[in-house]
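Me: I'm new to this one, so could you take a close look at a single part for me? I'd like to hear about the links between side chains, cysteines to begin with and charged pairs after that.

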Amino acid sequence: SRIITVSENSANDIRADHEVSADRLHIVPVGVDPSLFRPLVGTERIPGRIISTASADVAMKGQRFLLEAVAKLRAERGDVTLTIIGRLKEGSRTETTLDRLGLRDAVEFVSGVSDERIVELYSEASVAVVPSLYEGFSLPAIEAMAAACPLVATTGGALPEVTGTDGDTCYQVPPGDADALVAAIGNVLDHPVEAAGVGQRGRNRVVENWSWKHTAERTVTHYRALLDDAAHARRKRS
């Protein structure tokens with residue numbers, strides 16, 4: 001009788017694809033702990049360092065387009081590197097793309113590390129990228145934003161709803177466009193002061209909207225509503 005999902009975009013998809021009535025669907029976004037994912041004082045950003053997260057080696061995550069963008073940036077600048085939070089699987093699409101583009105020495109995969117180390121990686125990077133073709137929400141986006149790392153994200157799925165306004169709290173590009181990623185990442189690398197402001201405003205957006213505290217409070221609201229509905233139904237039966 002009461003269903004929660006993580007974004008307005010996901011709610012629209014569920015209504016359209018599964019014919020769930022709008023009055024049953026409610027939105028409770030997931031979140032991040034901004035006291036853990038935060039900018040680290042004394043940690044300097046490494047020029048040319050890009051960070052991304054590969055939660056799964058599927059086309060929808062858009063990693064191919066990010067790798068193509070990194071190859072083009074390295075041809076233009078030479079000092080660009082990419083750190084991917086995730087595991088490189090043997091024989092995967094990503095491995096094939098790395099070999100095709102000659103990026104083995106420029107891309108580092110990091111897995112099995114603590115959240116504290118992930119926060120350090122965000123603080124060391126000059127820019128975070130979410131290249132997904134579609135996202136129902138995107139925890140990697142708000143983790144990067146909470147760490148005040150300037151974020152380049154596509155407009156796929158719920159990402160604009162989560163990341164905010166282009167040029168204010170993030171930099172937005174169309175999904176599936178390596179050249180657009182090159183331009184946006186290059187803009188961040190060329191204008192670090194401006195990008196730092198975007199990163200800080202991105203953190204403010206997360207603190208105000210996407211913390212686990214907000215998630216808990218909104219979830220409790222729906223549990224209470226569900227209990228009230230059940231109590232009302234019992235009174236009607238009696």
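Reply: Let's start with disulfides: this predicted model holds zero of them. Why is that, if you look at C149? Its sulfur has its closest cysteine sulfur in C170, and the two are 13 Å apart, which is too far for a bond. A disulfide would need the two sulfur atoms within 2.5 Å. Seen from the other side, C170 is in no disulfide either, its nearest cysteine sulfur being that of C149, 13 Å away. As for where they sit, C149 is buried, at a relative accessible area of 1%, and C170 counts as buried too, at 0%.

Now for the charged pairs. Side chains of opposite charge can pair when their charged atoms come close. In this model the count comes to 13 salt bridges, so let's walk through some of them, with 4 Å between nitrogen and oxygen as the limit.

One of them joins E8 and R15, whose closest N and O atoms are 3.1 Å apart. Are these two buried or exposed? Neither, really: E8 is partly exposed at 34% relative accessibility, and R15 is partly exposed at 25%. Both values fall in the range between the buried limit of 20% and the exposed limit of 50%.

Next, find K72 and D179, whose side chains meet in a salt bridge at 2.5 Å from N to O. What does this pair tie together? K72 belongs to helix α2, residues 63-76, while D179 belongs to helix α7, residues 178-190, so the bridge links parts that are 107 residues apart in sequence. K72 counts as partly exposed, with 35% relative accessibility, and D179 is partly exposed as well, with 49%.

Helix α7 turns up again with D190, whose side chain meets that of R77 in a salt bridge of 3.0 Å, N to O. R77 lies in the loop between α2 and β4 (81-85), and D190 is in helix α7, so this pair ties together parts 113 residues apart in sequence. For R77 the relative accessibility is 32%, which makes it partly exposed; D190 is partly exposed too, with a relative accessible area of 47%.

Salt bridges can also share partners, and here that joins R64, E68 and R100 into one network.

So, to recap what to look for: C149 and C170 sit with their sulfurs 13 Å apart, the salt bridge of K72 and D179 ties α2 to α7, and that of R77 and D190 ties the loop between α2 and β4 to α7.

Note on methods
Residues are numbered from 1 along each chain as its sequence is written. This is a predicted model: local features need pLDDT of at least 70, side-chain atom pairs count only at pLDDT 80 or more; totals for chains, interfaces and linings use all residues. Side-chain values use heavy atoms; hydrogens and water are left out. Buried means under 20% relative accessible area, exposed over 50%, partly exposed in between (1.4 Å probe, protein chains only). Helices (H or I, at least four residues) and strands (E, at least two) are DSSP runs, numbered from the N terminus.
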